[in-house]
Amino acid sequence: MMILQGAITTIVISIGLFIFDYRIGVIALFGIALFFLANRITNRSVARVAGEKIESDKDMVGVVLVLEYIQGIAEIRNYNLAAQEGTRLSNAIERKTRADIKAEIAAIPYVGLQNLISKLTGVVIAGASIYFCLNGTMNILYTITMLLAAFIMFESLDLAGTYTVLLRIIGKCVDLANEILEIPQMDIDGEDIVPSSRDIHLEHVSFAYENRKIIDDVTLDIKEKTTTAIVGPSGGGKTTIISLIARFWDTCEGRVTLGGRDVKDYSFDSLMENFSFVFQRVYLFEDTIANNIRFGRPDASMEDVMTAAKKACCHDFITSLPDGYDTVIGEGGATLSGGEKQRIAIARAIMKDAPIIVLDEATANVDPENEKELTEAIENLTKEKTIIMIAHRLKTVRHADQIIVVDKGKIVQCGDHEKLMAEDGIYRNFISGRKKAVGWKIA
């Protein structure tokens, strides 16, 4: 805005100078032309290093400093890697320093030239005006006007040139932001639909991330009030299938239906009314435990919150805290154990009371002391519901109505526990490996 203001002021003044005296107007236009020529060279010079500067900023702040170094400090010290990681951080800082210096060096000569041109233009206009006044070709009033105009002009030119480097960096950042904004948005403005049933059907569904196909021609039926377990090697596409069912992403091919209607027909809010999620990694907000539980139903009473907490087997540990349900937990639930966070997440899902429950490895990292309570909490959550679970534990898989084995984006096996154990394949190998791991002991 300030640069635009300076440029407009300069142009307006130069036009005014032409009106008063064409000779001064010519000098002004010549100075302006030289200034913007230098400014263009400055822009080109800075543009060559702007990308490197932005990448160095992202590397230091976004990756090493914030995500890897600070959040991973416990692991870094645990494995005695502080010196190594500190070196990475130092290297990132040095890279940013070099990029900043490089940008300054690229700009300084041309910015100096711009300033010199702007000031010389003002000096020449002032000198010419005084000369014309002395030889009688310009009256004193015009001369004073020209002197004031010369001062205002080179101040405006300085203003226009001062922020050239910053403007180029900002322009590069705006380009990156525009690339994100140009990503096609998912259409979530469908109809508010209440499905007649909660039967889920995937019909020849495929999904790719950029050029890598993750789900390949998957067809699947999940009946209402049944339990479906999805198992398979890591990276096979299990979580992606769940994301497509809940329409976190849209399919590239095929379609997903809920109650016979394509999930794309639903408004996103009405679709989400049908789902509750309990993930392996639980996120809790920096707020009271009560507000975290009632997150899906902000108007829920305290009695409802406590009822949900009791069903999720977390009432006892909550009441043992100094402020009970009014205890403010740290961001992300940092002040609670993994099992406690999981049970609060389950209480949140119980509070929502959605007909379809999605469990994405919800018990994968739970310690043995909490496992019994967490299992009981999940049983309370899943009564008379449609259950879709990603699980690696035999006890949570074997009683499912159907077990889906996913590998490399395809369903390679489907059936109940007895059927799949009778087949030679990934599932039987998976169960056998788990049994050996459970039975392992030091001789």
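User: Why is Cys314 not counted as bonded to Cys313?
Analyst: A disulfide needs a pair of cysteine sulfur atoms within 2.5 Å. The sulfur of Cys314 has its closest cysteine sulfur in Cys313, 7.8 Å away, so that is too far for a bond. The structure holds 0 disulfides. Bear in mind that this is a predicted model, where local features need pLDDT of at least 70, side-chain atom pairs count only at pLDDT 80 or more, and totals for chains, interfaces and linings use all residues. Residues are numbered from 1 along each chain as its sequence is written, and side-chain values use heavy atoms, with hydrogens and water left out.

User: What makes Cys314 buried or exposed?
Analyst: Buried means under 20% relative accessible area, exposed over 50%, and partly exposed in between (1.4 Å probe, protein chains only). Cys314 has 0%, so it's buried.

User: And why is Cys133 called partly exposed?
Analyst: Its relative accessibility is 25%, so Cys133 lands in the partly exposed class.

User: How do you know that strand S7 is largely enclosed?
Analyst: S7 covers residues 356–360, and 5 of the 5 are buried, so the rest of the structure largely encloses it. Ile356, Val358 and Asp360 point one way, Ile357 and Leu359 the other. Strands here are DSSP runs of E, at least two residues, numbered from the N terminus.

User: What makes S6 and S7 a pair?
Analyst: Pairing takes at least two DSSP bridges between the strands. S6 (residues 275–279) and S7 have 5, in the parallel sense; Ser276 is partnered with Ile357 in S7. S7 also runs parallel to S8 (residues 386–390), again joined by 5 bridges.

Terms used
Helices (H or I, at least four residues) and strands (E, at least two) are DSSP runs, numbered from the N terminus.
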